[in-house]
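User: Please take a close look at how the helices pack against one another in this chain, and set the result beside the annotated domains.

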Amino acid sequence: MKYRSTRGQVTGQSFESVVLEGLAADGGLYIPEHLPSLPTDWQTQWADLSFAELATELITLFVGDDLSRDQVSTLVSKSYSTFSTPEVTPLVDLDREKKVHILELFHGPTFAFKDVALQFLGNLFEFFLERRNSSGGAHKITVVGATSGDTGSAAIYGLRGKKNVEVFILHPEGRVSPIQEAQMTTVLDANVHNVCVPGTFDDCQDIVKQLFGRAEFKREHSLGAINSINWARILAQITYYFYSFFALKRKGGGVPVFVVPSGNFGDVLAGYYAGELGLPVGKLVIATNANDILDRFLKTGRYEKNEEEGVWATPSPAMDILVSSNFERFLWYLARDYEAGGDVERAGKVIGAWMDELKTRGSFAVSPGALAKARQVFWSGRCGDQETYATIAKYYARDPSYLLDPHTAVGVYVAETLRSDIEEMGADTVCLSTAHPAKFSEAVLKAVNENGHHLDFASILPPPFVGLLEKPKRCLTCDNSADAVARLIVDNVSKD
Ligand SMILES: *Cc1c(COP(=O)(O)O)cnc(C)c1O
């Protein structure tokens, strides 16, 4: 199994180098050169596997000679033992009559779906680095990332205590919710460095980009990225599409339509790969908040940044994006089949040209054939702030024992708008739930209490959040500049 870059300049890479490198040197994203085939009898063979067993089967198909099945199995078991339920990603009913289910992806250590991938990625980093060092090397990796709250904590929990890995996560001072800040800064492992920057999330992201742009600094410290462009994150997420397919079958359900609250397109892209591998998928529904570049693309065939207005701050902040970084991977398949006549070399050039156009003119358009293909795979919909609050309130009023988080509510709302189409297919609706409501308690309480209820913060907290705000914290403060952060990294990385 080898990997190529979507921009076409890098090919023949191994799984290990793709995982450690993240982004390809030509600026593209790594994709498999060929998709593996499933065993012909997978639907019977895999039907009763545990989550970890299923993950082992799927991931083994993509690692080539870099890991044995036993090694994958060990890494996967370790990664999912941190989840609070043996099912890892349980499927629960939201509305039995209408055949609507919720796939709960938030049972990991930080209560958001990113744990599914980042728990695994942390173990992969550690394994590959230790193996390289066992033959005498001194390989280390310094992960540097910026967060507006959600990714940071999942990354920190994925990497805490890992050997040969240092992690620096920048967050904007005073602009992260108290729970999210505490989730990050109460992690006291020596290799975890929270960096608080007086400025905005964009300032933090800018600093990270500048550091990655300094070739010498990047090489010297082996800077590594953990954002959702890392192929291992997509790969790990394929498992829950298969797992929920079997869970649905056991409930007597039919073909699933997956509804995915989307930002950077990593979550729903894993569903696309699941379908390409052969999983029966009715449709994949991309649900966006007001940051709706993907919904607009599906409607018009034009991928267009909303540059003048910028990013909207919504109650579902983990989906507040201007462009969706992982969409380039899906675009590559469109480019290959509809713009390049199946020629993989030319596909890379088409992607390069589209991305240039996006950068210089703010948009590009695909051909009618490519758009038709995209619509064959995906439906989409957009959910505004008011609809998000209203959906949380509506489901709470129906059943106070089940609270939707704002991201999940975006998906549930979009699923409602597509109800008749889904019914026409005779399909079941599987809404992916990407966060625990307590993580976004402000929005959830606002939604519920403005509609006459009296829900308080304490009553929605899961046990690990109780007392979190009072725990000891560690956080470095740093000036709002790339030079200052670079100095801080040098000072803190060399300490051991
Ligand atoms: C990251 C995130 C999303 C968006 O997922 P993408 O892979 O970026 O599309 C949705 N909900 C929550 C809670 C998230 O943390």
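Analyst: The following account considers the helix α15 first, then another helix pair, an aromatic pair and the domain records.

This is a predicted model, in which local features need pLDDT of at least 70 and side-chain atom pairs count only at pLDDT 80 or more, while totals for chains, interfaces and linings use all residues. Residues are numbered from 1 along each chain as its sequence is written, and side-chain values use heavy atoms, with hydrogens and water left out.

Two packed helices are described by the angle between their axes and the distance between the axes. Axes here are lines fitted to C-alpha atoms, for helices over the stretch in contact, and angles run from 0 to 180 degrees between N-to-C directions. Helices (H or I, at least four residues) and strands (E, at least two) are DSSP runs, numbered from the N terminus.

Helix α15 (residues 368-377) packs with helix α12 (residues 293-300) at an angle of about 120 degrees, their axes being 9 Å apart. The two are therefore oblique to each other; angles under 35 degrees count as roughly parallel, over 145 as roughly antiparallel, 65 to 115 as roughly perpendicular and the rest as oblique. On the α12 side, Phe 297, Leu 298, Lys 299 and Thr 300 meet Leu 371, Ala 374 and Arg 375 of α15, contact meaning heavy atoms within 4.5 Å. These residues comprise four nonpolar, one polar and two charged, where Ala, Val, Leu, Ile, Met, Phe, Trp, Tyr, Cys and Pro count as nonpolar, Asp, Glu, Lys and Arg as charged, and the others, Gly among them, as polar.

Helix α13 (residues 327-339) also meets α15: their axes come within 9 Å and cross at roughly 130 degrees. That angle makes α13 oblique to α15. The crossing is right-handed; a crossing is left-handed if the near helix is turned anticlockwise from the far one by less than a right angle, and right-handed if clockwise. From α13, Phe 330, Leu 334, Tyr 338 and Glu 339 take part, and from α15, Gly 369, Ala 370, Lys 373 and Ala 374. By class, this contact has five nonpolar, one polar and two charged residues.

For helix α6 (residues 150-159) and helix α7 (residues 178-185), the axes come within 9 Å and cross at roughly 25 degrees. These helices are therefore roughly parallel to each other, and their crossing is left-handed. Asp 150, Gly 152, Ser 153, Ile 156 and Tyr 157 of α6 meet Gln 180, Gln 183 and Met 184 of α7. The contact residues divide into three nonpolar, four polar and one charged.

Turning to the records, an unreviewed UniProt entry places "domain: Threonine synthase N-terminal" at residues 2-80, a stretch that is 42% helix and 8% strand. The UniProt annotation "domain: Tryptophan synthase beta chain-like PALP", also from an unreviewed entry, covers residues 88-340; this stretch is 44% helix and 19% strand. UniProt positions are given in the numbering used here, feature names are shortened, and annotations may be inferred rather than shown by experiment.

Finally, the chain has 34 aromatic pairs, counted where rings of Phe, Tyr and Trp (its six-membered ring) have centres within 6.5 Å, with planes under 30 degrees apart stacked, over 60 edge-to-face and the rest tilted. Phe 51 and Tyr 243 form an edge-to-face pair, 5.4 Å centre to centre with 70 degrees between the planes. Phe 51 lies in helix α3 (residues 51-60) and Tyr 243 in helix α10 (residues 231-250), so the pair ties together parts that are 192 residues apart in sequence.
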